[in-house]
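Open the model in your viewer and keep the sequence panel visible. The stops below say what to select next and what is there.

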Amino acid sequence: MSGLRTVREVMSSDVTTLDINERLTIADDIMNLGRIRHLPVLDGDGRVAGVVSQRDLFRGALARCLGYGEHAQAKLLNMLLVKDVMTNDPATIGPDADLEEAAQILWDRKIGCLLVVEGDRLVGLLTEGDFVRLKLAKGH
């Protein structure tokens with residue numbers, strides 16, 4: 001990955017976030033409307049508390065597979081809070097970390113995103129898609 005060396009150079013810094021006490025329907029709506037796969041979760045003080053992924057929301061889709069209709073699924077998602085399904089200890093990395101280190105973490109942990117933090121404050125998001133975009137921009 002010649003040229004670009006740090007997470008800061010590739011990460012998305014304009015990140016949609018959720019509050020820990022929001023209803024899961026909000027996460028579902030944001031992900032569907034924005035075609036977003038990962039949403040960082042912040043606590044009441046704006047500190048990183050977790051992350052919600054599309055995989056977390058698939059639990060709601062399971063209800064549909066078990067014979068519940070869309071109305072029942074929506075009701076279920078409305079009953080749950082983000083904190084009920086989020087990953088509590090998300091993988092994080094600093095903005096000045098090397099891109100190869102970030103890629104290795106994604107690969108080793110078999111995850112799709114890293115929350116980019118300075119201290120306990122979210123400054124960005126680095127996803128598998130960012131690496132794909134980087135590769136395409138370089139023209140193979």
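Of the 140 residues in the protein chain, 38% are buried, where buried means under 20% relative accessible area, exposed means over 50%, and partly exposed lies in between (1.4 Å probe, protein chains only). This is a predicted model, in which local features need pLDDT of at least 70, side-chain atom pairs count only at pLDDT 80 or more, and totals for chains, interfaces and linings use all residues. Residues are numbered from 1 along each chain as its sequence is written, and side-chain values use heavy atoms, with hydrogens and water left out.

**Whole chain**

Show the whole chain as a cartoon. The protein chain has six helices and six strands, taken as DSSP runs numbered from the N terminus (helices: H or I, at least four residues; strands: E, at least two). Along the sequence they follow the pattern β-α-β-β-α-α-α-β-α-β-β-α. Switch to a surface: the chain exposes about 8,400 Å², and carbon and sulfur atoms supply 50% of that area, as computed by the Shrake-Rupley method with a 1.4 Å probe; for residues, only the protein chains shown count as cover. Among contacts in the chain (heavy atoms within 4.5 Å) with a separation of 6 or more, 59% are between residues 24 or more positions apart.

**The hairpin of β2 and β3**

Select residues 38-42, strand β2, together with β3; the two run antiparallel and are joined by five bridges. Strands count as paired if DSSP finds at least two bridges between them. In this hairpin, L39 stands opposite V52 in β3. Five residues lie between the strands, and G46 takes a positive phi near 80°. Now keep only residues 48-53: strand β3 is largely enclosed by the rest of the structure, because five of its six residues are buried.

**The three-stranded sheet**

Next, select β4, β5 and β6, which form an open sheet in the order β4-β5-β6 with mixed pairing. Its edge strands, each pairing on one side only, are β4 (92-93) and β6 (121-127). Strand β5 (residues 113-118) pairs with β6 in the antiparallel sense over six bridges, and L115 stands opposite L125 in β6. Add residues 99-109, helix α5, which lies across β4, β5 and β6 and runs at about 130° to β5. Axes are lines fitted to C-alpha atoms, for helices over the stretch in contact, and angles run from 0 to 180 degrees between N-to-C directions.

**Two loop residues**

Most residues other than glycine have a negative phi. Select R35, in the loop between α1 (24-34) and β2: its phi is positive, near 50°. R35 counts as exposed because its relative accessibility is 77%. Then go to K110, in the loop between α5 and β5, where phi is positive and near 55°. K110 is exposed as well, with a relative accessible area of 67%.

**The largest pocket**

Which residues lie nearest the centre of the largest pocket? They are H38, R55, K110, I111 and G112, among 22 lining residues. The elements giving two or more residues to the lining are β3, α2 (54-65), α5 and β5, and α5 supplies the largest share, four residues. On a 1 Å grid over the protein atoms alone, a pocket is an open set of points with protein on both sides within 12 Å along at least five of seven lines, and lining residues have an atom within 4 Å of a point. The space in the largest pocket is about 500 Å³, a volume being the space filled by probe spheres set on the points.

How values were computed. 1 Å grid on protein atoms, 1.4 Å probe; cavity = no way out; pocket = protein on both sides within 12 Å on 5 of 7 lines; lining within 4 Å.
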